[in-house]
Amino acid sequence: MDTIKAIMTRRSIRRFEQRGIEDSKIETLLRAAMQAPSGHNHQPWHLIVITERTILSAIPEFHAYAKMLHEAPAAIMVCGDTRIEESIEYINTDCSAATENLLLAAHDLGLGAVWLGIYPRERRVQEIRRLLDIPHHIIPIALVALGYAAEDMHPEDRFRPERVHRNRWTGAGS
Ligand SMILES: Cc1cc2nc3c(=O)[nH]c(=O)nc-3n(C[C@H](O)[C@H](O)[C@H](O)COP(=O)(O)O)c2cc1C
């Protein structure tokens, strides 16, 4: 799939088949995530691959919008390391870039995926930390639920010409 097509057709997938994801595809996802741009090229990320059913199913107990993890065969927790990048703002931005790379790579590989927000919700951060034994200098930023899609989601055209400004702020709201 070419890049523009992948960007234009990616949608969140929240229904999954039971079959697991091949190791080679997981490795491609990890490589794609770590290929993201980052401030000062610090690459502050760590990725936790979760495939244990008891762990996946424990997450919706404290994350109301993560119920699809009851059927997703895998998830990847994108975390940032404050010993590598001390600014939490940069960590959040860098890990978000890695997360979007991961979503696009999943789509290209024929997998479904959805971004589940963790940071900055304190309770989610605390509970994920406890569940996955994450040390204090590591911040869990975004979780991605993964699997083969068991639903069809159609592309959505979100282009809004009125949100485009040329050279300086123009149009309504000025
Ligand atoms: C920061 C962030 C947090 C999100 N958190 C959740 C979540 O907790 N649960 C969920 O089902 N979707 C979550 N999403 C997915 C959005 O709901 C989804 O991207 C949005 O509705 C647009 O739909 P699309 O991904 O199909 O294009 C999140 C997306 C982002 C960027």
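By class, the shell around the ligand in this predicted model comprises 5 nonpolar, 3 polar and 4 charged residues, where Ala, Val, Leu, Ile, Met, Phe, Trp, Tyr, Cys and Pro count as nonpolar, Asp, Glu, Lys and Arg as charged, and the others, Gly among them, as polar. The residues of this shell, each with a heavy atom within 4 Å of the ligand, are R10, R11, S12, R14, H63, Y65, M68, V114, W115, L116, G117 and R158. Local features were considered at pLDDT of at least 70 and side-chain atom pairs at pLDDT 80 or more, whereas totals for chains, interfaces and linings use all residues. Residues are numbered from 1 along each chain as its sequence is written, and side-chain values rest on heavy atoms, with hydrogens and water left out.

Oxygen atoms of the ligand lie 2.9 Å from a polar side-chain atom of R10 and 2.8 Å from an N or O atom in the side chain of R158, while a nitrogen atom of the ligand is 2.9 Å from a polar backbone atom of Y65. Of the 620 Å² of accessible area that the ligand has on its own, the protein covers 63% (Shrake-Rupley method, 1.4 Å probe).

The largest nonpolar core, a set of buried Ala, Val, Leu, Ile, Met, Phe, Trp, Tyr and Cys residues joined through side-chain atoms within 4.5 Å, has 26 residues, of which L29, L102 and L146 touch the most other members. Two or more residues each are given to this core by α2 (23–34), β1 (45–50), β2 (74–81), α4 (88–108) and β4 (138–147), and α4 gives the most, with 7 residues; helices (H or I, at least four residues) and strands (E, at least two) are DSSP runs numbered from the N terminus. Beyond its neighbours within four places in sequence, L146 is in contact (heavy atoms within 4.5 Å) with residues including F16, I21, L29, L102 and A106. Apart from this core lies another, of 24 residues, among them L56, C79, V114 and I118.

In helix α5 (residues 122–132), the residues R124, V125, E127, I128, R129 and L132 are buried, that is, under 20% relative accessible area with a 1.4 Å probe and protein chains only. Their cover includes β1, α3 (53–58), β2, β3 (112–117) and β4. E127 counts as buried because its relative accessibility is 15%, and its side chain is joined to that of R130 by a polar contact of 2.5 Å (a pair of N or O atoms within 3.5 Å, one able to donate a hydrogen and the other to accept it). Helix α5 is followed by D133, whose phi is positive, near 60 degrees.

Conventions. Buried means under 20% relative accessible area, exposed over 50%, partly exposed in between (1.4 Å probe, protein chains only).
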